[in-house]
Amino acid sequence: MFHNYGYEVTTILKNAEKIRYQLKHPYVGTEHLLLAILKEENEATKVFKEHEVTAESFKEELLSVVGEASRAQEINLYTPMLKRVIEIAQMNANENNKGLVTPTHLVLAILEEGEGVAIRILYNMDIPLDTIYETLKTKNISKEKRHKNLEIMKIGIPMSQNISKDSVIVGREKELSLMIETLLRKQKNNPLLIGKAGVGKTALVEELARRIKYHEVPEELEGMEIISLEMGSLVAGTKYRGEFEEKLNKIIKEVMSEKNIILFIDEIHSMVNAGGAEGAISASDILKPYLARGSIKVIGATTLEEYHEFLEHDKALDRRFERILIEEPTKSEMKKILTQIVPSYESHYDLAITEENIDDIIELSDKYLFQKNNPDKSIDLLDSVCARIKRKNTHQTNKDAAQELEKIHKRKEKYIRSQNYKKAMEEKALEEHIRLEMQTPSLSPKLEMTKSDILEMIEAKTNIEVRTDKKELLENLEITLKKEILGQDIAIDKILETCKINEQTGLSFLLIGGSGVGKTETVKIISRILKMELIRLDMSEYATQESINKLIGAPAGYIGYNDAYVFQRLIEHPFAVILLDEIEKAHPQVLNLLLQILDESYIMDRKGNKIHFEHCLIFMTSNIEGRRKVGFSTKTKPAFEGILTKELLGRIKGVIEYAPITKEVAKTYIKKNIKITDQEIEHLIEEAEIEKFGLRNLKFLVQKKKQEKNLIEN
């Protein structure tokens, strides 16, 4: 029933229910509602304090008049009087406050009804109810008259209406101080919050609105109202030329005349072209003179990329704002933020969240959700995990209760048919008891969050299996590789050993050896077993300098600037296996790009986006033979030296040499796939030229032989 009310009134109604439970009264009445209102800070409370009515004095009088029961009822039932009070408050709010009920509306409704326990207690306290009613009514009407016909109130949203006193922002004191100082300036008093998506720009403005609401700001900002203005709402309905300009000018004049309104424009870059149709003036052009003179106060918010693209080029608009850079919080700051908000999540979801859970959420969100920013990603992960735990538990509880009800119903029907009405009534009573328990808030021990719950949600968000035991996974990988890649046990052991030593991903390998020895097939199997996206690049297609544009996009101003590029796939699939086939054929510029990837584990694309490689496995393959003699010396050196630079080779974690395919390996492969005579095996090996082509030709010949054999048998 609380969906029509803001946060403040919803909290009051919930607190009224808690007060009723604490006092062990059977019903929630007007007395509990009034006591809940008196415990908060609002206009009604101030008026009551003037007449020496506080939450403590009212509660003391309430207990002396009504008393306290011995046993509390679990279900919250509202008295008919309280229901009428809420209806009256809702009707009054529909008439004068866009349907939003305030504490003043509730108090006025109690006084207008003129009956109930709350009124009786106030009479006993000798409180002049008529005076309080007139004072509140006058304040409410004056506020209504002030805001009722304002255009800004029709399309804007007051940011203070859904903010509680306890919803404090942690670790942003520097930015808040800068914002307040900017607003206090005589001219150019317009803060511009710039930061990545999710770092908390809007939350900072909400914190300022909270401080204004609860008188925690300098005197000059007392009584100010921050109104969130969306450009979409401003443009809506302006069909004809001149309507948009007229609407915006009207709002500016209202803000100037009211003198207590601060405009907050999220995504402020959108106003650069808003309303700027052919022959029309854009919103930014209309606002510029007022912003420069300090006639109005505007708080803007935008991302760094959109600031550079839109606002920075408009120097006249840019200089009218004071830029405040909002950085992503550190891990220690993030822990403070989560520690503060966790109690509200525990209360909302009725579950226990430990400090260890908070640490896991921060670490895992940084590791797997690196495309997003804190605090948004950590708070989002916390909320998602809580919701999943609640959903799973509720589903199981309801399922168990439904099964029990079905059994009871069958027994009840059986007793009725046998005319055993006494037993049937017992079953009916049991049925009603279970239904009541389903509706009553659970008193069972709180649910607990585990690391497994967090990992499960990470898997759901990223499609990456993170709960699999790595040791078991590597064992399965070893078995599969040695089963499918014949004759390369030493190379496989080296790859797996490198993976074990470097537990984190982000590994790079150079696989060298002749054609058909199993290099590419090894990579495909690793991708399949580890369930990682395979991105395969034939480096012969990247033999020119311009081919680098295929990997990171074309430069600005060139054709194809907005086209997709290869490494863009890593944004959607950050955990991937990248196969660079025949690396020696790549252009030196492409190899230089690879050098940066191996060195820093990221690159910047042409649009300035960061492409991460921390969680990738990078495999390069080459058909160069392993070693060669140097001149007349008996010394040998790796054949790939001179083709790949020393800098690049120094950054590769493992250079793995694949052995040539021997006759024995070829025989094993044939026997594994087809039953033929030894003479036929020798003939196939000779025809396949395994010294030159490895198993590639042999696979084709074995397949051909199978088909011939099947035709003969059929």
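The legends below describe an overview and several close-up views of one predicted model.

Residues are numbered from 1 along each chain as its sequence is written, and side-chain values use heavy atoms, with hydrogens and water left out. Because the model is predicted, local features need pLDDT of at least 70 and side-chain atom pairs count only at pLDDT 80 or more, while totals for chains, interfaces and linings use all residues.

**Figure 1. Overview of the chain with its 32 helices and 17 strands.** Helices (H or I, at least four residues) and strands (E, at least two) are DSSP runs, numbered from the N terminus. Of the 714 residues, 45% are buried; buried means under 20% relative accessible area, exposed over 50%, and partly exposed in between (1.4 Å probe, protein chains only). The chain exposes about 38400 Å², of which carbon and sulfur atoms supply 50%. Accessible areas come from the Shrake-Rupley method with a 1.4 Å probe, and for residues only the protein chains shown count as cover. Among contacts (heavy atoms within 4.5 Å) with a separation of 6 or more, 74% link residues 24 or more positions apart.

**Figure 2. Packing of helix 22 (residues 470-484) against helix 23 (residues 489-501).** The axes are 10 Å apart, at an angle of about 165 degrees. That makes the two helices, 22 and 23, roughly antiparallel. Axes are lines fitted to C-alpha atoms, for helices over the stretch in contact, and angles run from 0 to 180 degrees between N-to-C directions; under 35 degrees counts as roughly parallel, over 145 as roughly antiparallel, 65 to 115 as roughly perpendicular and the rest as oblique. The crossing is right-handed. On helix 22 the contact involves K470, L474, L477, E478, L481 and K482, and on helix 23 D489, I492, D493, L496, C499 and K500. By class, these residues are six nonpolar, no polar and six charged. Ala, Val, Leu, Ile, Met, Phe, Trp, Tyr, Cys and Pro count as nonpolar, Asp, Glu, Lys and Arg as charged, and the others, Gly among them, as polar.

**Figure 3. Packing of helix 22 against helix 24 (residues 519-530).** The angle is about 145 degrees, with the axes 10 Å apart. Helix 22 passes helix 24 in a right-handed crossing. Helix 22 contributes L473, L477, T480, L481 and E484, which meet T522, I525, I526, R528, I529 and L530 of helix 24. This contact has seven nonpolar, two polar and two charged residues.

**Figure 4. Surroundings of S284 in helix 14 (residues 283-293).** S284 is buried, with a relative accessible area of 1%. Apart from neighbours within four places in sequence, S284 is in contact with M271, V272, D314 and L317. The C-alpha atoms of S284 and L311 are separated by 9.8 Å, and these residues are 27 apart along the chain.

**Figure 5. Helix 2 (residues 30-38), which is mostly covered.** Nine of its nine residues are buried. They are T30, E31, H32, L33, L34, L35, A36, I37 and L38.

**Figure 6. Backbone details in three loops, at P375, D126 and K531.** A cis peptide bond with omega of about 5 degrees joins N374 and P375. P375 lies between helix 18 (355-368) and helix 19 (376-417). D126, in the loop between helix 7 (117-124) and helix 8 (129-148), has a positive phi near 55 degrees although the residue is not glycine. D126 is exposed, with a relative accessible area of 67%. K531 also has phi near 55 degrees and sits between helix 24 and strand 10 (533-538). K531 is exposed, at 57% relative accessible area.

Definitions and conventions: A crossing is left-handed if the near helix is turned anticlockwise from the far one by less than a right angle, and right-handed if clockwise.
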